[in-house]
Amino acid sequence: MTDVMIQTSGLSKHFGAVRALDNVNFEVKKGEVVGFLGPNGAGKSTTMRILTCFISPTSGSAKVHGHDVFDEPLAVRQKLGYLPQRAPLYTDMNVWEYLEFTSQIRGLDASRFKARLKKVVEVCGLAQVLGKDIGTLSHGYRQRVGLGQALIHDPPILILDEPTSDLDPNEKAEVLKYIKEIGKDHTILLSTHNLAEVEEACARAIIVSKGRVVADGPLDDIRGKTGGVRYFVTVDEQSAEKGSAPKTAEIENGLKSINGASRIRVLPTEEKAHKFELSGPQTSDLRAELFRLVVQKGWTLLELRRDTQSLDAVFRDLTRGDERLDRGADWDDGEDDDDDADDARPEVSP
Amino acid sequence: MSAMTTIAKREFRSNFDSPLAYVVICLSFLGLGLLFFLYRGGFWQLDRSSVAGIFDYAPLGLALLVVPVVTMRLLAEERRSGTLEMLITLPVSDSDVILGKYFGALSLVLTVILATLAYPIAMFMWPWSLGPLDWGPVFAGYFGLVLFAAAATAIGLLITALTESQAIAFFVTVFVLAVLWFMGPGAELFSGGMAHVLEYVSFQTRLEGFSRGLIDTRDVVYFLSVTAVCLAVAFRALERRKWA
């Protein structure tokens, strides 16, 4: 028994002509809490469904706790707790019955069930709803019940598919709190498209896009991966130090003239101002030049900020192209040098 | 307790969480009562101590109402709501799921069938005794009814395994079972080989012998084969999700 808990090698999955996963390789070691990130339809759920033996890969293999997902599905599932997207539960059962049902299927005896139930109720905060029908619960509570059923047999590995989607911010924070709590002594693979959650709960992230792993590593490494640093510049649109108030295009042209600035875009703002976001190289700092530009033009600078912390930009960088495709844009307009122009957008049914 | 029995138990119990099962059971008993006692003079006109009427009407009620209603939810609803994913990713094999669902549904259908035993018991044993009843054909008839229910439920399970919609599962099951039933009477319209085939396949002709007290191995094997084939195909249909 090694301490590699989840291992995939060359995992591919096709749905008809659609390639949902394309040669996915990664490992999750014991005790890690890994965020599995990607835009909708990137292949997160498909990967998780393969790992839980719900569907089979078209090619490649995966091992969970040392068991092959194809050859020993029951052994794999025994070691797993799985929470599918949107926590589909039997709405006609109450929480107690449901947890008892899953524990019976998992072969827990009555006394062990009682002991685990106590623990799960405590960790997931289910005490108040134990006797209630699942159909009457709010989404947040259903998510907790789903988490509870995944934990009832104390599995070494947890796979959670978007455990925080559709939740309100309070519920989100609570579910994340439980996950962090559970993560202290479990291996967790957690999918989401919300980066803030990954930053809060995980130490490592795997980013997938269009069925491929585009980044894998500790959060800090991933942040540095694209080499981009973001700058935010806000300029007053009503007045200027010299001359007349600047127009958007004027500022944009000015920013373009700066050496190393790329991907300049206008951000919406509630202030009476022009707000821009641009990227610069990791190696240098553009702030001085930005300042000089503003002074030279005589604009009123309201804000100048350099941002290296956000995973958000990295994520957008790495998964760029997905969205353009949705809007009907061509595959090879600009920087997208993908070699599989015939590849349709990987669609994963929810 | 094995995973299969756990699933079967849950399935059986879940029928009583919605009013549907109660409504169906009540309706089927009301229908059977009306047909048995009143339709074309019914039992009274017959003027014989026989409950053969039950075996004329009960299979139709089962085929057109009880079995489709009980089986339509089994997999279609789970597939639609996503609970199937939750269920299958528990440590259960696909055959556990299929057999658990099957026996869960079959137990409800058998409960309905066994409840009709109240007719012969109440009429000929206690509290009334309307005459000397020959119990042989009654038991043979019930044996046939159970075999028929087993096959019909397997057909319903197969159909629900193929669709995501309960409504479609219901109507297709009603249609298939009705066709299998009325093939027998319909065979009169044809002649020669065609009529032969229709009669051979029809559930109605297969059941006729039982209510007369005749247990023919061929009929028994026929119903059991239909059951086994449908369960096997349903199993493949469930497994198909892996490769779709």
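How many bridges join β4(A) to strand β5 of chain A? In this predicted model, the count is two, and the strands, with β5 covering residues 67-68, run antiparallel. Within this pairing, A:Lys63 sits opposite A:Asp68 of β5(A). The hairpin formed by β4(A) and β5(A) has two residues between its strands, and A:His65 adopts a positive phi there, near 55 degrees. Strand β4 (residues 59-64) of chain A also pairs with strand β1 (residues 4-15) of chain A, again in the antiparallel sense. Five bridges hold that register, with A:Ser9 facing A:Ser61 of β4(A).

Chain A also contains an open sheet of six strands, and here the pairing is mixed. Reading across, the order is β6-β7-β8-β3-β9-β10. The edges belong to β6 (80-83) and β10 (212-218) of chain A; each has a single partner strand, so one side of each lacks a neighbour in the sheet. On average, and with direction ignored, neighbouring strands are turned by 15 degrees against each other. Further in, strand β3 (residues 33-37) and strand β9 (residues 204-209) of chain A pair in the parallel sense over four bridges, and A:Phe36 is found opposite A:Ile206 in β9(A).

Helices pack on this sheet too. Helix α1 (residues 44-51) of chain A touches β3, β7 (157-161), β8 (187-192) and β9 of chain A, and its direction makes about 145 degrees with that of β7(A). Helix α5 (residues 139-151) of chain A touches β6 and β7 of chain A, with its direction at about 165 degrees to that of β6(A).

Turning to the two chains together, the contact draws 20 residues from chain A and 21 residues from chain B. On the chain A side, the elements that supply two or more residues are α2 (73-79) and α3 (95-105). Of the elements on that side, α3(A) gives the most, with four residues. Sorted by class, the chain A side comprises 11 nonpolar, five polar and four charged residues.

Within chain B, helix α10 (residues 166-186) and helix α11 (residues 193-201) have axes that come within 8 Å and cross at roughly 135 degrees, which makes α10(B) oblique to α11(B). The crossing is left-handed. From α10(B), the residues involved are B:Leu180, B:Met183, B:Gly184 and B:Gly186, and they meet B:Leu198, B:Glu199 and B:Val201 of α11(B). That helix-helix contact has four nonpolar, two polar and one charged residues.

Technical notes
Residues numbered from 1 in each chain as written. Chains lettered and ligands numbered in written order. Predicted model: local features only at pLDDT ≥ 70, side-chain atom pairs only at ≥ 80, totals over all residues. Pairing = 2+ DSSP bridges. Contact = placed C-beta atoms within 7 Å. Nonpolar A, V, L, I, M, F, W, Y, C, P; charged D, E, K, R; others polar. Axes fitted to C-alpha atoms, helices over the stretch in contact; angles between N-to-C directions. Parallel < 35°, antiparallel > 145°, perpendicular 65-115°, else oblique. Left-handed = near helix turned anticlockwise from the far one by under 90°.
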